[in-house]
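Okay, thanks everyone, I'll keep this short. Let me put the model up on the screen.

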Amino acid sequence: MKVLSEEETKMYKASIGELLEHTADPSAKKIIGAYSYTVKYATNHTKIKGFPVSEMEKCATSLGLTVRHSDNSKVYRTKDILTDRIILKIESHFEETCDECGDKYRNKITDPEPEIRCFLCMQGSHKCEKFSERLHVLTNSPMYLLTGSIWVCTGCRIKNDISVPIKPVKQSVTFEEKEESAKPEETTAEEEEVEAEEEKRNIAR
C-alpha cells in the first residue's frame, strides 16, 4: 500500500468525491468507488475488470469517454482495454505539475475540456498562459499540418524519461512496475491485443 502525505490524501479524496458527485448512475458510482489510489495499478485493474461490461460502459460514458461508434460497434475491443481507459480517465482528474509554468493543477470533471490531452494517459493540459502560448506556436507550425499535435504530460515524460529512446508506457499513479523475470511470460490472445493497442501509441516517440 502506498504511503501518502496528508496533502496527497486530501487531493485524491477530493478528486474521487467530485467524480462520484458528478454521476447519478449507480453503476458508475460503484466502479468509481471501487478504485483505490492507495493500491497498485494491477489491483485496480482486477477489481474494475470484475464488473459487467454494461456497467463499465456506463461508467466510462459518465467519465466522458465514447464507448460506441455510430454503428454501435465497440470503441474498446476488449475488457482489458476498457478497464485501462476507465482507470486512466479517473486519474486524469488527479493533480499534475505543468511543465510550462511549474504550477500544480487539477482538471475537474466539471471544467471545460482541456486544450489538449496527454497522448499516453489522458491527463489534460494546464489552463495557463504559458501553455496556451506554447500550443499556439505548435499548432501554427507547418509540421503540425502534416503530423498533428501530440503532447505528453509531466508525469508520463518523467515516467518514460523522454530524453532517451525507450518504449513509452502509460503513467498511472497506481502503476505497478514490471519486475524482470528470468523467463519470458506467455501472453494470452487478449493480452496480445492490448499490447497491439498500446503499440499504436508509440508513435509519440
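I'll go from the overall fold to the core, and then to the cavity.

So, first off, this is a predicted model. The protein chain has 9 helices and 2 strands, and if you read along the sequence you get α-α-α-α-α-β-β-α-α-α-α. Of the 205 residues, 40% are buried. If you take the contacts with a separation of 6 or more, 64% of them are between residues 24 or more positions apart. On the outside, the accessible surface is about 12200 Å², and carbon and sulfur atoms hold 52% of that.

Now the core. The largest nonpolar core has 43 residues, and the ones with the most contacts inside it are Tyr-35, Leu-63, Ile-86, Ile-90 and Cys-118. Which helices supply at least two residues each? That would be H1 (6-22), H2 (26-34), H3 (41-49), H4 (53-62), H5 (79-91) and H6 (129-139). H5 gives the most, with 6 residues.

Have a look at Cys-118 while we're here. Leaving aside neighbours within four places in sequence, Cys-118 is in contact with Gln-123, Trp-151, Val-152, Cys-153 and Cys-156.

Trp-151 takes us on to the cavity, since that residue is part of the lining too. The count is 1 cavity of 30 Å³ or more, and the space in the largest cavity is about 40 Å³. Along with Trp-151, the lining has Thr-97, Cys-98, Asp-99, Tyr-105, His-126, Phe-131 and Thr-154. By type, that lining splits into 4 nonpolar, 3 polar and 1 charged.

That's my bit, happy to rotate the view for anyone.

How values were computed: Residues numbered from 1 in each chain as written. Predicted model: local features only at pLDDT ≥ 70, side-chain atom pairs only at ≥ 80, totals over all residues. Heavy atoms only, no water. Core = buried A, V, L, I, M, F, W, Y, C linked by side-chain atoms within 4.5 Å. Buried < 20%, exposed > 50% of the residue type's maximum accessible area, 1.4 Å probe, protein only. Helix = DSSP H or I, 4+ residues; strand = E, 2+ residues; numbered from the N terminus. Contact = heavy atoms within 4.5 Å. 1 Å grid on protein atoms, 1.4 Å probe; cavity = no way out; pocket = protein on both sides within 12 Å on 5 of 7 lines; lining within 4 Å. Points joined across faces, edges and corners; volume = space filled by probe spheres on them. Nonpolar A, V, L, I, M, F, W, Y, C, P; charged D, E, K, R; others polar. Areas by Shrake-Rupley, 256 points an atom, 1.4 Å probe, with all protein chains shown as cover.
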